[in-house]
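Colleague: Could you take a close look at one part of chain B for me? I'd like to follow the strand pairing, then what packs on it, and then step back to the chain as a whole.

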Amino acid sequence: MITGNFEYHQPSSVPEALALLSDLGDEARVIAGGHSLIPTMKLRLAMPEHLIDLQGIKELKNIDVSNGEVRIGAMTTQAELIGSDELFQAAPIIRETALQIADPQVRYMGTIGGNVANGDPGNDMPAVMQCLDATFLLQGPDGERSVAAREFYEAAYFTARDELEILTEIRFSACEGGYSYGKQKRKIGDYATAAAAVLLTKGADGSCTAASIALTNLADTPLYCADASSHLQSNGVSEDSIASAVASAMEQIEPVDDNRGPAEFKKHAAAIILTSTIRQAWARA
Amino acid sequence: MSATAETVQDRKAALKGLGTSRKRVEDARFTQGKGNYVDDIKLPDMLFGDFVRSQHAHARVISIDTSAAMALPGVVAVLTAADLEPLNLHWMPTLAGDKQMVLADGKVLFQGQEVAFVIAEDRYIAADAVDLVQVKYEELPVLVDPFKAELPDAPILREDIADAKEGAHGARRHPNHIFTWEQGDKPGTEAILSEAPVVAEEMVYYHRTHPCPMETCGSVASMDKVNGKLTLWGTFQAPHVVRTVASLLSGIAEHNIRVVSPDIGGGFGNKVGVYPGYVCSIVASIVTGKPVKWVEDRMENLSSTAFARDYWMNGKIAATEDGKILGLWCHTTADHGAFDACADPTKYPAGFMNICTGSYDIPTAYLAVDGIYTNKAPGGVAYRCSFRVTEAAYFIERMIEVLAIKLNMDAAELRAKNFIRKEQFPYQSALGWEYDSGDYHTAWNKALEAVGYKELREEQAKQVEEFKAGNTRKLMGIGLCHFTEIVGAGPVKNCDILGMGMFDSCEIRIHPTGSALARLGTISQGQGHATTFAQILATEIGISADDITIEEGDTDTAPYGLGTYGSRSTPVAGAATAMAGRKIRAKAQMIAAYLLEVHDNDIEWEVDRFVVKGAPERFKTMKEIAFASYTQAIPGVEPGLEAVSYYDPPNMTYPFGAYICVMDIDVDTGVSDVRKFYALDDCGTRINPMIIEGQVHGGLTEALAIAMGQEIAYDELGNIKTGTLMDFFIPTSWETPNYQTDFTETPSPHHPIGAKGVGESPNVGGVPAFSNAINDAFRAFGLTHTHMPHDHWRVWKTANKLGLHG
Amino acid sequence: MSKQTITLNVNGSSVSTEAEPRELLIHVLREQLEITGPHIGCETSHCGACTVEIDGMSVKSCTLFAVQAQGKEITTIEGLGDPDKLHVLQEKFKEHHGLQCGYCTPGMITRAHRLLEENPNPTEEDVRFGIAGNLCRCTGYQNIVKAVLAAADELNQSETAA
């Protein structure tokens, strides 16, 4: 399993990377942690002629929490996300999710930017970003723009990112309340058979003041479940409302048959996982 | 008196012989990264070979254009079948009496089949060149279902033998049919089935899987044209057989071939056979005059070398109403893929599948196995198993459960009622084996007691009630298994591979200063032979195991042997070691008698020395005797102290065990969790308890993998669906439970030290235990049998079919 | 594709070598630098046999181009102990029979080393979770876990004693 030949570039700033990307065009690929791209290149399913490695860009590696806003540089690794107590205070769902991604070695290398940007429906962070209502900062030849995570994903491996853009930062508001990321998988290192991200806030009176639900690997994009979320927010969290919310979310999913099982199984498992994830988030709210 | 006794004990302990949990001598190099595996071999000017493989499962090869590849700088040659044909190496014999294409000869028969072999200066250039070889195919209809192989519209796969009415194992009834193998009493069994009060019937499928050792297969061939010598390093579980095969294939005289198995990163049956990569590396070295390395990658390993199992076992078991088994019938459809590339002894085309009467006294039985060709990878190897014993054990241990359900009887009680009793050994089975020894009831009762079987059943019944009441979504399964293995192939009168009798060997040299070197015909792949064989010898010759070096795997130095697989090392080579040790001792006795100036019969062996009877102060230690053998002229005795033994075992050995697994199963997600696993093994005399326990842990984990998810699956076009470790299930430390091990010790009566072999028992017994736990969990809801692997979705589907999802 | 000079600090020594950008770190280590302790098991970053330590991270060196490791500190199994003084983990793997064929062992010990650096007092669950990126086909992990826990104990005791 040997990749094709390529030229290697290691820019030290975002503008430098963008210039390379513009100059080299279609023949170039940006590499972050490389744990999706390198295996694909080894299978020769991807044969870029130029590889633009972002690891030398220090400004893309940071976690900043201030004034209730969280900013994470795209090159921040899963291990760094897990290790940040500051981030855990601001958004504990990130650590809970990152710990369920791949294995220790992959988490040292795998980055949040790579995870959210490459559009693989199996990746876990995209649904979490939708759940957090995060915004992705994209820099390109025409400057900077931001796209909501809930608007970013178009189809498997197709996103709102233009080929000449680099996803540089993720922003979201620090969250309070209950959280949970529930994932069924075959083993450590596997993608989800079904997974759910849930954030719930409980008011002093026990009502549900905010709810957000998103799902992983149950369609060709992550799924933000707006109706299910607002159902919980409007009706409070009870076994009945959970059942209705789950039923609503299930209307959105379109799982496909694969080695993890047929679609009918995934539909059933997804409902179970979402139910238990909502329950856990509420218990923590 | 007590002081003397203590001294004897101390001396015995110092030997680190039989029964000692001696630390492994191999580990110093392995823990420091200083193992020497085949891919670590680096020779001057070494080239690298890589395969162009077929993406189609069945296609005619119209043309192969190698010009673009040849034009790439660094490419030395590209071999195709046309290049091998003049050497008659485009096909090769399999160990099962069939033949296999080395490189595609006119057509391809499975996805991943070897089509051309690129030889280049390094593995990077070779990979680039592989992409540049243009192969034109004409796709043909694909056969993946063995039950459709003989339908009128089935494509004919093996055109080379389409008209052959006779195969290596008798008559063939169809071009896609390989053999029919029958054992036992067909009319007798059918008569019992028609008359018996109770008959249970089930189709038991043991799915296709793969040994998947951590190290893939590979070789380095180096043809020294000056001296006419070929050296071949490789991942060989049977290096001496490889040498013989290489000689027969290449025409190079056997004394001019040296085969070396360096350290091997796990074998589990994957490394018994001869693969096209080995042959191509040899040819490439002969053609180029340079050393050539070939190492497959993981996808190549899973998709082309050595699958295992794929047995459809249709069973019928007859019994009285109170559960006494009267007869057993089994018809197996064996999917061999494109070539029958099993590595079974010649007379056993379905291996030892006829051990399928298991641990039970079954008076009448019949077994038939039909081998079938399909468009899948070739093989049918024994994956951590003695030639289809895993399939046999799974079959009978499922059939017992199915019968228990039919009888509405407790499955533990049904087993106990039908076990071969201790006093029946040696026991003649209905399918032709003589079980050497056993004490099944003792082991079984110990196991049931250890897990608190009665209480577990009570808890399970309560849980069923809770489930029915809607208070839980989890069920509890109790997986029982009592297996009997047949290992240590085997007696030369019955067992050969390519005509080579399945003896094994040991050669011992005692050095003047009293340390020793022993060489064997086997080869360790992690079993710790350098540790355990030294222990056998230490006890036999009274030299500390620490002073004995064990060497294996170099055919220029080691005595001929059939290698390591089928748990045969301890039963056969271990016996040869003991016997060679006894020859040393016999000569030592003569020398000692001379030195002590007494008659041979006046001295006796005591731990590490010969002592004059009645005069314990007069003795000669083995060390002194060894020195004397090199330094003194002893009348009537040749100088030196060496011995060789080639051991032809009189019978197989029959290790057995009682395993119990307790599993908790989530009915909604299909996720299962092993709560407890108890494994009692009886492998006869225990050489090194630490290593035995390690073997059991490892074998059980492989069993867990197979039972719970590990499979080689194909789609209807013959595309492999599980070709990487993402989808081919190997549990990590996280999914693997802790195991509780235990033992009884029933020595083999015919083995020199009573040992039986253990490496494969946990895989043989583990799979039915895990599978029975899953099946058992649903018994209360009407399930009789559900197929492996029991991954999440299949367990869910089972529950779904039973209506457990409301 | 032209080769470029890559300088690595491997097991405490600075080494320079020439490699194409596409050459994987595992190949450069094994074939050019003749550091053959790390092995190739799956090539798809699932098995961990190729694990090395780079700047305080456990990394699967089959999924990293050597050029990406330019200037970094790399520790392989060869850098953990030496024949005269094995690392405690190496000792404990031997003592507790934490290896059989030895193929996964260098990656496993290298990974366990980093795990203990980060978590000197792991529970059994921590160890099982922490080494889950390393597959073993021989041992069933039970004795590996035992060995890692024993190493942690001993390292902590020697720490206390010092």
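Modeller: Sure. Two strands count as paired here when DSSP finds at least two bridges between them. Keep in mind that this is a predicted model. With that in hand, let's go to an open sheet in chain B, built from 3 strands in the order 29-30-31, with antiparallel pairing. Its edges are strand 29 (603-606) and strand 31 (615-621) of chain B, each of which has a partner on one side only. Going from one strand to its neighbour, the direction turns by 35° on average, if you ignore which way the strands point.

Now zoom in on one pair. Strand 29 of chain B is joined to strand 30 (residues 609-612) of chain B by 4 bridges, and the two run antiparallel. Across that pairing, Glu606(B) sits opposite Arg609(B) of strand 30.

So much for the strands; on to the helices. Helix 15 (residues 569-596) of chain B lies across strand 29, strand 30 and strand 31 of chain B. Relative to strand 29 of chain B, helix 15 runs at about 125°. Helix 16 (residues 622-631) of chain B lies across strand 30 and strand 31 of chain B, and its angle to strand 31 is about 50°.

Stepping back, the domain assignment splits chain B three ways: domain 1 is 2-35 + 504-647, domain 2 is 43-141 + 216-264 + 272-304, and domain 3 is 307-489 + 652-801. Take domain 2 and domain 3 of chain B, whose C-alpha centres are 37 Å apart. Their contact draws 19 residues from domain 2 of chain B and 24 residues from domain 3 of chain B. On the domain 2 side, the most comes from helix 9 (residues 298-304) of chain B, which gives 5 residues. Sorted by class, that side of domain 2 of chain B has 8 nonpolar, 9 polar and 2 charged residues.

Chain B also touches chain C, in a contact with 44 residues from chain B and 45 residues from chain C. Over on chain C, helix 2 (88-95), helix 3 (105-118), helix 4 (124-130) and helix 5 (142-161) are the elements giving two or more residues to the side that meets chain B. Helix 2 of chain C gives the most, with 4 residues. That side of chain C divides into 21 nonpolar, 17 polar and 7 charged residues.

Note on methods: Residues numbered from 1 in each chain as written. Chains lettered and ligands numbered in written order. Predicted model: local features only at pLDDT ≥ 70, side-chain atom pairs only at ≥ 80, totals over all residues. Domains from an automatic or database assignment. Contact = placed C-beta atoms within 7 Å. Nonpolar A, V, L, I, M, F, W, Y, C, P; charged D, E, K, R; others polar. Axes fitted to C-alpha atoms, helices over the stretch in contact; angles between N-to-C directions.
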